[in-house]
Amino acid sequence: MQKKILTLAIGTALALAASGAYADNGNPNDIRIGAYFVHYDSTATDISGPYTVPGLNTTIESVTTLYLAYVRTLSSHFQVEIALGYPPVTYAKAKGPATVGSVPYNGKEIASIRWVSPTVLFEYNFLSPRSRWRPFVGVGVNYTRFVDRQITAAGAAVSGGPTSISLPASVGPAVTAGVTYHLTDRWHFTASYSVAQVNSKLTTDTAGILRSNEVHFWPNAVVASVGYSF
């Protein structure tokens with residue numbers, strides 16, 4: 001179901017992009033490259049399962065990665081953006097008691113997770129297409145897939161041995177606001193702030209012992225990029 005929603009969103013975006021888009025300067029296509037600065041405003045339920053002490057929780061560390069995007073102008077004020085960052089490694093940090101038995105817990109990096117998170121955004125640009133500064137706002141859909149999930153040595157020690165991690169993909173809403181500064185008809189700088197909703201259930205398997213918690217990420221992404229229109 002999640003993949004169908006993402007496929008529909010991307011398909012709609014590409015269909016709009018191919019439907020005779022308007023561009024005042026004759027350059028309706030836009031490629032952008034820059035930096036994603038991602039902070040996770042995350043919450044999670046306590047970890048539950050056999051042989052689990054109360055109060056074990058996790059937080060997600062911030063990350064910076066490469067930002068890539070394709071933007072298609074649809075009219076003098078509307079555009080569609082397909083954004084994708086280079087899949088970064090994010091670390092889950094333990095939150096709770098100082099130790100679990102004799103094993104250090106609080107503040108330890110217990111897992112590493114690499115994720116792919118394409119986002120489709122429909123955006124409205126303010127002011128005239130001829131304006132050098134153009135603020136914009138947008139809404140869309142985000143798809144996040146966790147492609148590489150590894151337990152750390154500290155996480156394995158807390159879990160009681162080698163452990164595998166399951167973390168299903170998520171589809172959720174996304175919003176953005178930003179401004180573009182046009183240097184020329186083709187070159188420009190863009191800065192934006194975006195928030196997406198990402199929900200999943202983390203499950204660990206240690207020799208058949210399953211433990212889990214519900215995780216709710218709110219990735220807050222600041223983007224700074226340079227773009228070229230053609």
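In this predicted model, four strands make up an open sheet in the order S2-S16-S15-S12, and their pairing is antiparallel. Its edges are strand S2 (43-44) and strand S12 (164-166), each of which pairs on one side only. S12 runs antiparallel to strand S15 (residues 198-206), and three bridges join the two. Within this pairing, serine 164 is found opposite aspartate 205 of S15.

Two strands of this sheet also take part in the lining of a pocket. The second largest pocket holds about 320 Å³ of space, and 24 residues line it. Nearest its centre are Ile47, Ile110, Val158, Ser159 and Thr204. At least two lining residues come from each of S3, strand S9 (109-116), helix H2 (153-159), S15 and strand S16 (209-217). Among these contributors, S16 gives the most to the lining, namely four residues.

A further set of pairings involves strands S4, S5 and S10. Strand S4 (residues 63-73) and strand S5 (residues 78-85) are antiparallel partners over seven bridges, and a hairpin of four residues leads from S4 to S5. Tyrosine 70 has isoleucine 82 in S5 as its bridge partner. S5 also pairs with strand S10 (residues 119-125), again in the antiparallel sense, here over six bridges. In S10, phenylalanine 122 is the residue that stands opposite valine 80.

Enclosed space is the next topic. One cavity of 30 Å³ or more is present in the structure. The largest cavity contains about 440 Å³ of space. It is lined by 36 residues, and those closest to its centre are Trp115, Ser117, Asn142, Pro219 and Ala221. Strand S14 (residues 187-196) supplies the largest share of this lining, with five residues.

Charged side chains come together in two salt bridges. In one of them, aspartate 30 is joined to arginine 32, with 3.0 Å between the closest N and O atoms. Both aspartate 30 and arginine 32 are buried. In another, lysine 93 is joined to glutamate 61, and here the closest N and O atoms are 2.9 Å apart. This pair connects distant parts of the chain, since lysine 93 belongs to strand S6 (residues 89-95) and glutamate 61 to the loop between strand S3 (57-60) and S4, 32 residues apart. How do these two residues stand with respect to the surface, buried or partly exposed? Lysine 93 has a relative accessibility of 27% and therefore counts as partly exposed. Glutamate 61 is likewise counted as partly exposed, because its relative accessibility is 22%. Both classifications rest on the cut-off by which buried means under 20% relative accessible area.

The surface also carries a nonpolar patch, formed by Ile31, Leu183, Trp187, Phe189, Tyr228 and Phe230. Together these residues have about 560 Å² of accessible area. One member of the patch, tyrosine 228, is located in strand S17 (residues 219-229). Tyrosine 228 counts as partly exposed because its relative accessibility is 30%.

Terms used
Residues are numbered from 1 along each chain as its sequence is written. This is a predicted model: local features need pLDDT of at least 70, side-chain atom pairs count only at pLDDT 80 or more; totals for chains, interfaces and linings use all residues. Side-chain values use heavy atoms; hydrogens and water are left out. Patches are made of residues with over 30% relative accessible area and no salt bridge: like charges are joined within 9 Å, nonpolar side chains (Val, Leu, Ile, Met, Phe, Trp, Tyr) within 5 Å. Accessible areas come from the Shrake-Rupley method with a 1.4 Å probe; for residues, only the protein chains shown count as cover. A salt bridge is a side-chain nitrogen of Lys or Arg within 4 Å of a carboxyl oxygen of Asp or Glu. Buried means under 20% relative accessible area, exposed over 50%, partly exposed in between (1.4 Å probe, protein chains only). Two strands pair if DSSP finds at least two bridges between them. On a 1 Å grid over the protein atoms alone, a cavity is a set of points where a 1.4 Å probe fits but cannot get out, and a pocket is an open set with protein on both sides within 12 Å along at least five of seven lines; lining residues have an atom within 4 Å of a point. Grid points are joined across faces, edges and corners, and a volume is the space filled by probe spheres set on the points.
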